[in-house]
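Got a minute for a quick tour of this one? Have the model open on your screen and click along as you read.

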Amino acid sequence: MLQKDIEEILITEEKIQEKVAELGATLTADYQDKFPLAIGVLKGALPFMSDLIKRVDAYIELDFMDVSSYGNATVSSGEVKIVKDLNTSVEGRDVLIIEDIIDSGKTLNYLVELFKYRKAKSIKIVTLLDKPTGRKVDLKADYVGFIVPDAFVVGYGLDYAEKYRNLPYIGVLKKEIYSF
Ligand code: PRP
Ligand code: MN
Ligand code: MG
């Protein structure tokens, strides 16, 4: 049913799960002697986070943050509003931010600055997708699954108007869906 709106599958379910296992193994090694606070950025990070944490064989604590871009399209200020804050203090903690995609970099830039200000001991970013062509601020992830082209991608957490997050793969949306 959902697939009728998809022009092309960019990353299959199998390729995603392969990469998730790979990233999980890397994180397992890097966090073996630590107890990181893994922070999922709602809502997009949900499927990736859910799959990834099961592949990390180390002690990890989970928390969530919901943020939304502030203001409107005329002023691209990079301001981000906290919709739901953490339940846990990041002070002195090894923070691992889990994201579905980095586009302009503004969301993560805001979170990194916030967690620095709140005195996190270390801050690392794991993102399933990276769209470097969209970058507006200088921001690099520590762990990246796939580089994606400048296309309208949905699925596996990524939405268009809140839809398609529940697709098990990453696809390109048909033009007719978002341009009318
Ligand atoms: C999307 C995506 C990232 C962010 C990336 O979230 O999930 O969090 O945008 O864009 P940026 O690098 O330009 O900041 P969105 O704000 O759409 O919220 P959602 O996760 O609830 O869809
Ligand atoms: Mn998001
Ligand atoms: Mg969104």
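What follows is a short briefing on the fold, the strands and the ligand shell.

Keep in mind that this is a predicted model. The protein chain has 4 helices and 9 strands, and 16 residues surround ligand 1. β5 turns up again and again below: it gives the most residues to the ligand shell, and 8 of its 9 residues are buried.

**Overall build**

- Going along the sequence, the order of elements in the protein chain is β-α-β-α-β-β-β-α-β-β-β-β-α.
- The chain is as compact as a globular protein of its length, because its radius of gyration is 16 Å, close to the 16 Å that the globule rule gives for 180 residues.
- Along the principal axes, the C-alpha atoms fit a box of roughly 50 × 40 × 25 Å.
- Buried residues make up 32% of the 180 in the chain.
- If you take contacts between residues at least 6 apart in sequence, 66% of them join residues at least 24 apart.

**Around ligand 1**

- Which residues sit closest to ligand 1? They are Lys43, Gly44, Asp103, Ser104 and Thr107, out of a shell of 16.
- Four elements each hand two or more residues to this shell: β2 (37–42), β3 (61–69), β5 (94–102) and α3 (106–117).
- β5 is the top contributor, with 4 residues.
- By chemistry, the shell splits into 4 nonpolar, 6 polar and 6 charged residues.
- Lys43, one of the closest residues, sits in the loop between β2 and α2.
- Lys43 is also worth a click for its backbone: the peptide bond that joins Leu42 and Lys43 is cis, with omega about 0 degrees.

**β5 and its neighbours**

- Is β5 enclosed or in the open? It is largely enclosed by the rest of the structure, since 8 of its 9 residues are buried.
- On one pairing, 4 bridges link β2 to β5, and the two strands run parallel.
- You can find that pairing at Ala38, which stands opposite Leu96 in β5.
- β5 also pairs with β6, through 8 bridges and again in parallel.
- To locate this second pairing, look at Ile102, whose bridge partner in β6 is Asp130.
- From β5 the chain passes through α3 to reach β6, and this β-α-β crossover is right-handed.
- As background, strands of a sheet pair through backbone hydrogen bonds, either parallel or antiparallel.

**Helix α2 and its packing**

- Helix α2 covers residues 46–53, and its buried residues are Pro47, Phe48, Met49 and Leu52.
- What do these buried residues pack against? Their partners are α1 (13–30), β2, β5 and β6 (122–130).

**The three-stranded sheet**

- An open sheet of 3 strands has the order β1-β9-β8, with antiparallel pairing.
- β1 (6–11) and β8 (153–154) are the edge strands; each has a single partner strand, so one side of each is left without a neighbour in the sheet.
- β8 is joined to β9 (residues 170–173) by 2 bridges, and these strands run antiparallel.
- One bridge to look up is the one at Val154, whose partner in β9 is Gly171.

**Out in the open**

- How many of the 5 residues of β4 (residues 80–84) are buried? The number is 0, so β4 lies largely in the open.
- β4 still has a partner: 4 bridges join β3 to β4, and they run antiparallel.
- Within that pair, Ser69 stands opposite Val80 in β4.

**Backbone oddities in loops**

- Lys119 has a positive phi, near 70 degrees, without being a glycine.
- Lys119 is placed in the loop between α3 and β6, and it counts as exposed because it has 11 C-beta neighbours inside 10 Å.
- Glu162 is another non-glycine with a positive phi, this time about 75 degrees.
- Glu162 belongs to the loop between β8 and β9, and it is exposed, with 7 other C-beta atoms within 10 Å.

How values were computed. Residues are numbered from 1 along each chain as its sequence is written. Chains are lettered from A and ligands numbered from 1 in the order in which they are written. This is a predicted model: local features need pLDDT of at least 70, side-chain atom pairs count only at pLDDT 80 or more; totals for chains, interfaces and linings use all residues. A residue is near a molecule or strand if its C-beta atom, placed from the backbone, lies within 6 Å of it. Ala, Val, Leu, Ile, Met, Phe, Trp, Tyr, Cys and Pro count as nonpolar, Asp, Glu, Lys and Arg as charged, and the others, Gly among them, as polar. The radius of gyration is taken over C-alpha atoms; the globule rule is 2.2 Å times the number of residues to the power 0.38. A residue is buried if 20 or more other C-beta atoms lie within 10 Å of its own, exposed if 12 or fewer, and partly exposed in between; C-beta atoms are placed from the backbone. Two residues are in contact if their C-beta atoms, placed from the backbone, lie within 7 Å. Two strands pair if DSSP finds at least two bridges between them. A crossover is right-handed if, with the strands pointing away from the viewer, the path from the first strand over the helix to the second runs clockwise.
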